[in-house]
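User: I have a structure open and would like to go through it piece by piece. Can you help me read it?

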Amino acid sequence: MTTKHEDYFEELREQIVNPEKWDSEHFIAFDYEAGLGKTRQALRMIGEMFRNTDCPHRVLWVQLFSDKRRLLDATADEINKHAGRNVAMAIDGEDTKRGRSKKTAIEPQVLVITHRMYAEIKKSRHDEFIQDRDILIIDEFPNLMREIRISTQDLSQLYRYSVYLESDILDEMLVMFRDKLRELRREELINPGNFQWGTFASADYKKYKTEITKLLKSKKTKDCRELLERFQQLFRTDCYYNHNVFYTYDIRYDYVLLKNNIILDANGFDYRYQLSKRFIVKHQPKVYDYSPSTLHHYDVNTGKTALKKSDGFFERVVATVDLQGRKGVLFVTDMEHKPKLEQAIVKHYGNENKENETLADISRKLRVDISVEYHGNLLGKNDWRTFDTCVIVKTPNFDYATYVLTSYFFHAIDQERSFQDIPKFRHEPTENIRNYWIAGELYQAIKRISRDNTQPSEIHLFCSNEVSVGIVRKQLPGIKYVKEQWGVKTTSKHENTETPREQRLNERDWELITILRGYQREGNPEIKFIDVRTTFGEKDGGNFKRRSVRLAPVLSEYGIFVGNGVFKFRVPGTEEPVSEKNEAVKELVLL
């Protein structure tokens, strides 16, 4: 296999040890495929670099998890093993709390910390973490965007505190927000679904910012300090408004760079890397061939609202995927629905006459390792490396405001201030962030199993986001792709990943569908072709009409109908197609 060759990680080794390759103004991201051991290789390279006792370089290693210090210490031990001596030391939050961080951080040539601690360097001025260090290596993408929300409930809460704070300027500020909200609500009626851009950082609002800074110094604000600090951030930068909530981010967080800055991230396709000039991605060739494995795709909405309306969803999932004869099965959902999924598995395979059975009991009964985890608790873990089956039953969506703020955050750190209102589901950069972020989470879940790709694996993916699924497929070269019927056990033949007959929609088709569904959510009964065509960016009216007619069977499943020069919407909403068999895709006529 390619990973056995010494030169496969040579570009990474050169970036670490060769000062001529160093770049103090950018992060160099290496997207070695998940499961190839890029972290292990990097730790070996660092350790071997220090076998030479004259090596003058000093390294800061940043990783996502600490697991109560155990994982941090394991990283330091790995480096020391390859160095043949103690050059690396780990430091965690407890060290900083005890006031020992400065001396502990300065002494070792290699310091190991977490993402959270790296984020605090700029905010809390932990200069000891970077003092006299040359090389920064971050394992996994470091997201420093810290979201801040201020709702009408927060304003009401601050109003209650204002009775005791006795500040005329604060009272005036609350009246200002009341009037501003009325204005924004009126605009929202005209353009529903938009995230409206605005700012409280101008000179017009300076006195409110000054007053909050003054109040934060008073003991009277002890009980509302966190609330006032959020308002303080709102007055420091721009923001977005949507449905009675102001959204911004904590301006105190920013990326610290050293002489040489490296990111190790299998999700190098993540669109966030394209949002800032600080990132340069060194794309690496794919190694694994996934042709022995199969991706079963069930086009079903697994959003939070959809799951609330879908009784027995998890029971149907368990009935659809047969666990018999598997080496190990990893189910992935969200934290909220993890207990429901576990109960569904126990109920389906358990003994009706036996109460209090557990997932462990079912595993023993079937002689199959069964694990249920949630998105956000997978990255960096290898507990399921020998499993051969992954079942993903929840699309890893964030609140849409998170995607909007992510775009804002990365453009702002590059000091590009060309901000505007963002229409939900119709703003291309934000949609790219959303789709690629979802794809990244799905890819990481899939790559928790069969880590070395030495055995065929089965992936069952319940997800309606065709764009994200398409991105994931590109990361799994050669994998057999099967578009399954939801809720029906199938014995359909595997189809090659390059030309699946069922999937006849291209990216532009899905872009048009997304735009139309955005208008549908706004409650429009109908909209003219010309208005949609302008948003879609199609100059030729004939081409646009032909595309619309071709997509009519699919659009009808969303409650969108193609009329004479207009699209008509049956009901506003966010649900996915009502047809479980999704026959419309198969009925498409290629023009």
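Analyst: We can go through the chain as a whole, then its pocket and cavities, then some single residues. This is a predicted model, in which local features need pLDDT of at least 70 and side-chain atom pairs count only at pLDDT 80 or more, while totals for chains, interfaces and linings use all residues. Residues are numbered from 1 along each chain as its sequence is written, and side-chain values use heavy atoms, with hydrogens and water left out.

User: OK. How many helices and strands are in the protein chain?

Analyst: The protein chain has 22 helices and 21 strands. Both are DSSP runs numbered from the N terminus: helices are H or I with at least four residues, and strands are E with at least two.

User: What is its radius of gyration, and what would a compact globule have?

Analyst: The protein chain has 26 Å, which agrees with the value near 25 Å for a compact globule of 591 residues. The radius is taken over C-alpha atoms, and the globule rule is 2.2 Å times the number of residues to the power 0.38. Along its principal axes, the C-alpha trace spans about 70 × 65 × 60 Å.

User: What share of the residues is buried?

Analyst: Of the 591 residues, 55% count as buried. Buried means under 20% relative accessible area, exposed means over 50%, and partly exposed is in between, with a 1.4 Å probe and protein chains only.

User: And the contacts, how many join residues at least 24 apart?

Analyst: Among contacts between residues at least 6 apart in sequence, 76% join residues at least 24 apart. A contact means heavy atoms within 4.5 Å.

User: Now pockets. What volume does the largest one have?

Analyst: The largest pocket has a volume of about 1400 Å³. It is lined by 47 residues, and the closest to its centre are Leu64, Phe65, His115, Asn143 and Gly376. On a 1 Å grid over the protein atoms alone, a pocket is an open set of points with protein on both sides within 12 Å along at least five of seven lines, a cavity is a set where a 1.4 Å probe fits but cannot get out, and lining residues have an atom within 4 Å of a point. Grid points are joined across faces, edges and corners, and a volume is the space filled by probe spheres set on the points.

User: Which helices supply at least two residues of that lining?

Analyst: Among the elements that do so are α4 (93–97), α6 (115–124) and α16 (428–446). By class, the pocket lining has 17 nonpolar, 15 polar and 15 charged residues. Here Ala, Val, Leu, Ile, Met, Phe, Trp, Tyr, Cys and Pro count as nonpolar, Asp, Glu, Lys and Arg as charged, and the others, Gly among them, as polar.

User: Stay with α6. Which of its residues are buried?

Analyst: The buried ones are His115, Met117, Tyr118, Ala119 and Ile121. Just after α6, Arg125 takes a positive phi of about 60°.

User: Why mention the sign of phi?

Analyst: Because most residues other than glycine have a negative phi. Asn244 has a positive phi too, near 70°. Asn244 is in the loop between β8 (238–242) and β9 (245–249), and is partly exposed at 28% relative accessible area.

User: What about Asn453, buried or exposed?

Analyst: Asn453 counts as buried, at 15% relative accessibility. Its phi is positive, about 55°, and its place is in the loop between α16 and β17 (458–462). Asn453 is also one of the residues that line the largest cavity, including Tyr290, Lys447 and Leu476.

User: How many cavities are there of 30 Å³ or more?

Analyst: The structure holds two. The largest cavity has a volume of about 80 Å³, and its lining has six nonpolar, three polar and one charged residues.

User: New topic: where is Ser468, and what does it touch?

Analyst: Ser468 is in helix α17 (residues 466–474), and at 0% relative accessibility it counts as buried. Leaving aside neighbours within four places in sequence, Ser468 is in contact with Asn435, Ile438 and Ala439.

User: And Pro56, buried or exposed?

Analyst: Pro56 counts as exposed, at 60% relative accessibility. Pro56 sits in the loop between α2 (38–49) and β2 (59–63). Not counting residues up to four places away in sequence, Pro56 touches Gln109 and Asp134.
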